[in-house]
Amino acid sequence: MLKLQTCIRGARLITFDVTGTLLNFSRNPVVLYMEEAEKRGFKTDLKLLSNNFKQSWIEQNERFPCFGARHQMHWTEWWTKLVIKTFEGTELDEISLLCIAEALIEKFKSPLCWNLENGSVELLDFLRDKKKAIGVITNFDPRIYTILDNLSMLSRFDFVINSYDVKFCKPERQIFDSALLKCSGLKPWEAVHIGDSFHFDYKPPKLAGWEAILVNQDDSMKNIPRFNSIQNLKLFIEECFK
């Protein structure tokens, strides 16, 4: 951990993933899909919707990456397609599906849909006090600005990069390169990325010359800088400066 401590102290830029790292869903998103259908008088099956959602998520990201940005598709159209596919095999009519999609797109902006991980605010404020540039690199659509703002988090970042706006997504190197351009003269070895996924948040920045830290509860990962919570990472980073 000595090398990691040195990297943290010397870093000029520290970026974060959002979903699964700083924020988590307060409830199963598919349950919210079910509730929107129930408001319109339709009973649905959680297992069916969950399976449909997972499959649709994979297909949509393969066919229309970056929430449709590379295909000149608006991100709301991307999500509408996903919602409609999630309800395949149910009795919902087209008008109801479009209304549900619109409602869900708006609903997930609400802070009620999200939980801040313990220690997130304190960690960001500590890094700010240490004069670090702080950013977000996330596979998300532009709602991320509203979500972070509604949680009183947006002002704590120097910049937020979402995959829709830059038309690159993790694990592509270009989305990490775009973050380096936010800080004048920044070199890759002066940057650290923090996230929960080896595939999206650890391997790509490491290949780009960054340092990277995982925050998850996967104890099978060995010889990788990993913490099981943001709170524990915060304690470690505080120790780096003592």
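## Helix H10

Helices here are DSSP runs of H or I with at least four residues, numbered from the N terminus, and strands are DSSP runs of E with at least two. The structure is a predicted model. Leu207 lies in one of these runs, helix H10, which spans residues 198-207. Its relative accessible area is 63%, so Leu207 is exposed, the cut-off being over 50%. From the C-alpha atom of Leu207 to that of Lys170 the separation is 12 Å, with the two positions 37 residues apart along the chain.

Which residues of H10 are buried? They are Asp201, Tyr202, Pro204 and Pro205. The cover over these buried residues includes helix H9 (173-180), strand S6 (191-195) and strand S7 (211-215). At the start of the helix, a side-chain oxygen of Ser197 comes to within 3.3 Å of the backbone nitrogen of His199. After the helix comes Gly209, with a positive phi near 95 degrees.

## Helix H2 against H3 and H5

Helix H2 (residues 29-39) has its axis within 10 Å of the axis of helix H3 (residues 46-63), and the two cross at roughly 120 degrees. An angle in the range from 115 to 145 degrees is neither roughly perpendicular nor roughly antiparallel, and H2 and H3 are therefore oblique to each other. The crossing of H2 over H3 is right-handed. On the H2 side the contact involves Val30, Val31, Tyr33 and Met34, and on the H3 side Leu46, Leu49, Ser50 and Phe53. By class these are seven nonpolar residues, one polar residue and no charged ones.

H2 also packs on helix H5 (residues 94-107), at an angle of about 135 degrees and with the axes 10 Å apart. That angle makes H2 oblique to H5. This crossing is right-handed. H2 contributes Leu32, Tyr33, Glu36, Ala37 and Lys39, while H5 contributes Ile100, Ala103, Leu104 and Lys107. The contact of H2 with H5 holds six nonpolar residues, no polar ones and three charged ones. Tyr33 appears in the contact with H3 and in the contact with H5.

## Ser163 and Thr138

Ser163 belongs to helix H8 (residues 163-166). Is Ser163 buried or exposed? With a relative accessible area of 1%, Ser163 is buried, because the limit is under 20%. The Ser163 side chain reaches the backbone nitrogen of Phe140 at 3.2 Å. Beyond its neighbours within four places in sequence, Ser163 contacts Cys66, Phe67, Thr138, Asn139, Phe140, Phe168, Cys169 and Ile175.

Thr138, one of those contacts, sits in strand S4 (residues 133-138). Thr138 has 2% relative accessibility and counts as buried. Leaving out residues up to four places away in sequence, Thr138 touches Asp17, Val18, Ile144, Ile161, Asn162, Ser163, Lys170 and Ile175. Ile175 is thus listed for Thr138, as it is for Ser163. The C-alpha atoms of Thr138 and Trp57 are 16 Å apart, and 81 residues separate the two along the chain.

## Loop between H3 and H4

Cys66 is placed in the loop between H3 and H4. Although Cys66 is not a glycine, its phi is positive, at about 60 degrees. Its relative accessibility is 2%, and Cys66 counts as buried.

Met73 lies in this loop between H3 and H4 and is buried, at 6% relative accessible area. Apart from residues up to four places away in sequence, Met73 touches Phe64, Phe67, Gly68, Trp78, Lys81 and Tyr164. Phe67 also appears among the contacts of Ser163.

## Thr80 in helix H4

Thr80 is part of helix H4 (residues 75-86). With 19% relative accessibility, Thr80 counts as buried, because the limit is under 20%. Not counting residues up to four places away in sequence, Thr80 touches Leu98, Ala101 and Ile105.

## Loop between H8 and H9

Which residues are joined by a cis peptide bond? Lys170 and Pro171 are, with omega about 15 degrees. Pro171 lies in the loop between H8 and H9. Lys170 is also one of the residues that Thr138 touches.

Lys167 is in the loop between H8 and H9. Its phi is positive, about 65 degrees, although Lys167 is not a glycine. Lys167 is partly exposed, with a relative accessible area of 40%.

Conventions: Residues numbered from 1 in each chain as written. Predicted model: local features only at pLDDT ≥ 70, side-chain atom pairs only at ≥ 80, totals over all residues. Heavy atoms only, no water. Buried < 20%, exposed > 50% of the residue type's maximum accessible area, 1.4 Å probe, protein only. Contact = heavy atoms within 4.5 Å. Polar contact = N/O pair within 3.5 Å; in protein donor to acceptor, adjacent residues only side chain to side chain. Axes fitted to C-alpha atoms, helices over the stretch in contact; angles between N-to-C directions. Parallel < 35°, antiparallel > 145°, perpendicular 65-115°, else oblique. Left-handed = near helix turned anticlockwise from the far one by under 90°. Nonpolar A, V, L, I, M, F, W, Y, C, P; charged D, E, K, R; others polar.
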